[in-house]
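Subject: Handing over the structure

Hi there,

Here is the structure I promised to pass on to you. Please have it open while you read the notes underneath.

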Amino acid sequence: MRSLNPHRRSKRVSATLIMGTAAVLAVGVLLSPSQANPPSRQPVLVGRAVLPALTFAGGPASGASFHPVPDNGVSFPLPGQPVEGFSAIVDGREPGEFLAMPDNGFGAKDNSQDFLIRAYYIRPRFKTARGGDGTVTVGDHISFRDPDHRIGFPLVNEGTTSRLLTGADIDPESLQRGRHGDLWVGDEFGPWILHFSSTGVLLDPPFAMPDGIKGPDNPFLNGAPFTHPRSRGLEGMAISPDRKHLYAALEGAPLADPDQSRRHVYEFSTKKLAFTGRVFQYRAEASTNLVADMWAVDAHRLVVIERDRGFGLGATFRRIYLVDLRVTDAAGFLVKTLLVDLSAVPDPDLVSLPALHPGDVGLGDPFRVTCESVEAVHLVKGNRLLVGCDNNLPNSGRNPALPDDSEFILVDVPGLRGAAHD
């Protein structure tokens with residue numbers, strides 16, 4: 001999701017850890033940031049891995065409609081399919097492997113017709129205090145496609161047998177794995193939820209949002225006015241540990257909402273293939289802030305990335321919160337407990353150093369997430385959160401003179417899992 005010009009969209013986030021003691025949180029009492037006790041231990045950066053910006057996978061050239069060219073030193077069209085812009089991360093097929101999904105490519109329908117929608121199996125070799133070279137290996141991928149004509153509108157590859165989906169057809173921003181290995185995708189163009197097989201075949205027509213929510217890129221408007229702003233659709237989506245429910249969050253508020261800081265989170269039944277009618281309210285710290293991703297810690301609690309739209313040293317608000325779906329304030333909004341400030345993550349072991357490029361910013365202690373769009377979070381082993389960036393190729397972030405690499409970090413959050421149990 002980008003919005004720097006008509007052909008590009010921007011994504012950004014930021015954060016700060018404030019938790020009560022594990023003993024207090026363990027009995028299910030969720031404190032607001034202003035109520036929480038000072039933490040006895042802080043979150044710590046324990047790993048970092050970087051995928052170079054100009055990493056390509058097999059496939060046709062892409063970016064033929066991208067303008068201006070060159071941009072930030074990158075010439076278009078590109079020689080293949082760039083492995084970039086990771087908007088979601090889930091577990092892979094074996095320990096240490098992950099499935100990472102880019103979004104629609106170059107930021108808009110009209111410049112992403114030749115960007116193929118995929119999810120890549122990746123293996124980060126995190127640089128840690130104990131070693132690791134900080135590289136990322138890219139393996140095979142899943143190609144999202146609609147061979148059975150489920151989607152209900154003409155595709156870029158309409159006349160082909162495989163009907164591979166492109167960035168002009170859908171804008172996938174969130175990904176979760178279902179009970180049978182099937183894949184659930186949150187889309188921004190509709191916005192809607194899409195259901196794919198484990199190999200990427202579309203299984204059902206798009207599940208439209210309740211309340212008549214339709215964005216300007218929705219192909220079913222039929223002349224009716226859109227009700228939701230462009231690039232503010234389903235950005236974050238969590239799945240319950242039993243895989244029975246999705247929690248899909250709108251990145252921004254509907255156009256008619258008098259409270260533009262309100263973000264709706266919709267519950268969806270993966271068994272009944274329908275929205276349940278339960279809707280939660282999340283309040284952003286500023287009306288311009290975005291909900292970037294979510295992950296379920298247990299049956300009731302979610303971690304949420306909330307971010308601003310800055311990048312590089314201009315990214316000042318990017319936070320990870322903990323919310324409990326059972327706990328709301330007097331106005332009916334979910335109570336937020338601050339977990340991690342991604343603009344100042346302690347890095348006592350200096351795992352973020354040395355710099356990979358002359359002029360890199362935000363490295364060292366504290367470490368700063370500078371990517372234009374931090375929008376993937378995944379709870380991994382122990383109390384560790386894996387956080388990934390959408391580098392929005394060819395935009396800058398870590399280095400003002402270079403296109404941004406794709407970064408993955410591991411942050412240890414003491415007491416997180418203990419805080420998630422009754």
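Below is what I found in it, grouped by region.

Please keep in mind that this is a predicted model.

I began with strand 18 and its surroundings. Strand 18 covers residues 290-296, and 7 of its 7 residues are buried, so the strand is largely enclosed by the rest of the structure. Its partner is strand 19 (residues 301-307), and the two pair in the antiparallel sense over 6 bridges. Together they form a hairpin, with 4 residues between the strands. If you want a place to check the register, look at V291, which stands opposite E306 in strand 19.

Just before this hairpin comes T288, in the loop between strand 17 (274-283) and strand 18. T288 has a relative accessible area of 43%, so it counts as partly exposed. The C-alpha atom of T288 is separated by 7.0 Å from that of D308, although these residues are 20 apart along the chain.

The next stop is E251, a charged residue in the loop between strand 15 (245-250) and strand 16 (262-269). Is E251 buried or exposed? With a relative accessible area of 0%, E251 is buried, because the cut-off for that class is under 20%. What does its side chain contact? The side chain of E251 makes a polar contact with the side chain of R307, at 3.3 Å. That ties this loop back to the hairpin, as strand 19 runs over residues 301-307.

Now for the nonpolar cores. The largest one has 56 residues, and the members that touch the most others are F144, F196, V303, I320 and L342. There is also a second, separate core of 18 residues, which includes V46, L51, F98 and I122. Notice that V303 falls within the range of strand 19 (residues 301-307), so to speak a link between the hairpin and the largest core. 

Some backbone details deserve a look too. Two peptide bonds are cis: the one from F76 to P77, with omega near 0°, and the one from L393 to P394, with omega near 10°. P77 sits in the loop between strand 4 (56-57) and strand 5 (81-82), while P394 is in the loop between strand 23 (384-390) and strand 24 (406-412).

That second loop also holds N392. N392 has a positive phi of about 50° although it is not a glycine, and its relative accessible area of 0% makes it buried. L350, likewise not a glycine, has a positive phi of about 55°. Its place is the loop between strand 21 (334-341) and strand 22 (373-379). Is L350 buried or partly exposed? At 39% relative accessibility, L350 counts as partly exposed.

Last, the internal space. How many cavities of 30 Å³ or more are there? The count is 4, and the largest cavity holds about 60 Å³ of space. Among the residues that line the largest cavity are R48, V50, H357, D360, R398 and E407. By class, its lining has 3 nonpolar, 2 polar and 6 charged residues. The lining also includes P403, D404 and D405.

Happy to go through any of these spots with you on screen.

Best wishes

Definitions and conventions. Residues numbered from 1 in each chain as written. Predicted model: local features only at pLDDT ≥ 70, side-chain atom pairs only at ≥ 80, totals over all residues. Heavy atoms only, no water. 1 Å grid on protein atoms, 1.4 Å probe; cavity = no way out; pocket = protein on both sides within 12 Å on 5 of 7 lines; lining within 4 Å. Points joined across faces, edges and corners; volume = space filled by probe spheres on them. Buried < 20%, exposed > 50% of the residue type's maximum accessible area, 1.4 Å probe, protein only. Polar contact = N/O pair within 3.5 Å; in protein donor to acceptor, adjacent residues only side chain to side chain. Core = buried A, V, L, I, M, F, W, Y, C linked by side-chain atoms within 4.5 Å. Pairing = 2+ DSSP bridges.
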